Amino acid sequence: MSAQIADLSAEAERQLSQHLWDPTEEDAALARKTASGLAEAVGEAAAQERLPAIDRLEHLREALAVLAIALARIHGPLAWYLAQACTALSPVLRWRALPADRQSSFGTVVPSSSDLADAERAVRRLHTALTRAAAGTGAGTGADAGTADTGTDGCEGRSDI
């Protein structure tokens with residue numbers, strides 16, 4: 001998931017830097033609100049990893065809800081971006097944290113801790129990308145877009161989560 005969001009975000013940054021996508025004021029306001037909601041839902045990597053799987057899954061579902069609500073309120077490039085982000089994070093919807101036998105679990109699966117961590121990294125990357133889109137900048141674009149060292153949580157320059 002994190003790799004998909006990184007690719008998606010690199011594409012958004014490319015479009016921003018080449019002025020193929022110039023976010024409107026409405027886009028920027030919604031991107032800021034969505035980024036804030038994502039940061040609220042999924043916190044710092046170390047704090048998330050200390051939580052029980054059921055809480056981590058709850059936070060990831062909250063992040064998906066934030067994206068879905070934002071998607072319902074916008075059209076155009078930001079909507080397309082958010083729709084692709086929802087698609088990338090959609091495996092979270094098949095995850096469960098409670099034990100169940102295969103016949104009564106509706107096809108859900110228990111994610112590994114690395115699956116949870118990857119999804120959380122994806123949400124943090126998405127937060128960073130939406131913050132940049134809200135600013136109308138393609139920071140980190142160019143020949144090395146998407147390849148910069150983003151640290152252990154996948155978010156370059158993040159100090160808030």
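Me: His19, exposed or buried?
Reply: His19 counts as exposed, because its relative accessibility is 55%. The cut-offs are under 20% relative accessible area for buried, over 50% for exposed and in between for partly exposed, with a 1.4 Å probe and protein chains only.

Me: Anything I should know about the model and the numbering?
Reply: This is a predicted model, where local features need pLDDT of at least 70 and side-chain atom pairs count only at pLDDT 80 or more, while totals for chains, interfaces and linings use all residues. Residues are numbered from 1 along each chain as its sequence is written, and side-chain values use heavy atoms, with hydrogens and water left out.

Me: Where is His19 found?
Reply: In the loop between helix 1 and helix 2. Helices here are DSSP runs of H or I with at least four residues, numbered from the N terminus. His19 comes just after helix 1, and has a positive phi of about 55° although it is not a glycine.

Me: And Phe106, what phi does that one have?
Reply: Phe106 has a positive phi of about 55°, and it is not a glycine. Phe106 is in the loop between helix 5 and helix 6 and counts as exposed, at 82% relative accessibility.

Me: Back to helix 1. What should its 16 residues span?
Reply: Helix 1 covers residues 2-17 and should span 22 Å at 1.5 Å a residue; its end C-alpha atoms are 22 Å apart, so the two agree. The expected span is 1.5 Å times one less than the number of residues.

Me: What do the buried residues of helix 1 pack against?
Reply: Helix 5 and helix 6, the latter being residues 113-135. The buried residues of helix 1 include Ile5, Leu8, Ala12 and Leu16.

Me: Which residues touch the most other members of the largest nonpolar core?
Reply: Tyr81, Leu126 and Leu130, in a core of 38 residues. Helix 1, helix 2, helix 4, helix 5 and helix 6 each give two or more residues to this core, and the largest share, 9 residues, comes from helix 6. A nonpolar core is a set of buried Ala, Val, Leu, Ile, Met, Phe, Trp, Tyr and Cys residues joined through side-chain atoms within 4.5 Å.

Me: What does Tyr81 touch?
Reply: Leaving out residues up to four places away in sequence, Tyr81 touches Leu8, Ser9, Ala12, Leu126, Ala129 and Leu130. Contact means heavy atoms within 4.5 Å.

Me: How many aromatic pairs are in the whole structure?
Reply: The search finds 1 aromatic pair. The rings of Trp21 and Tyr81 have centres 6.3 Å apart and planes at 40°, so the pair is tilted. Rings of Phe, Tyr and Trp (its six-membered ring) pair if their centres lie within 6.5 Å; planes under 30 degrees apart are stacked, over 60 edge-to-face, and the rest tilted.

Me: Which parts of the chain does the pair link?
Reply: Distant ones: Trp21 is in the loop between helix 1 and helix 2, and Tyr81 is in helix 5, 60 residues apart. Trp21 and Tyr81 are both buried.

Me: Changing topic: where does Gln84 lie?
Reply: In helix 5, residues 77-89. Gln84 is partly exposed, at 46% relative accessible area. Gln84 and Leu8 are 76 residues apart in sequence and 7.6 Å apart in space, C-alpha to C-alpha.

Me: Last one. Arg56, buried or exposed?
Reply: Arg56 is buried, with a relative accessible area of 5%. Arg56 lies in helix 4, residues 53-72. Leaving aside neighbours within four places in sequence, Arg56 has contacts that include Glu49, Ser113 and Glu120.
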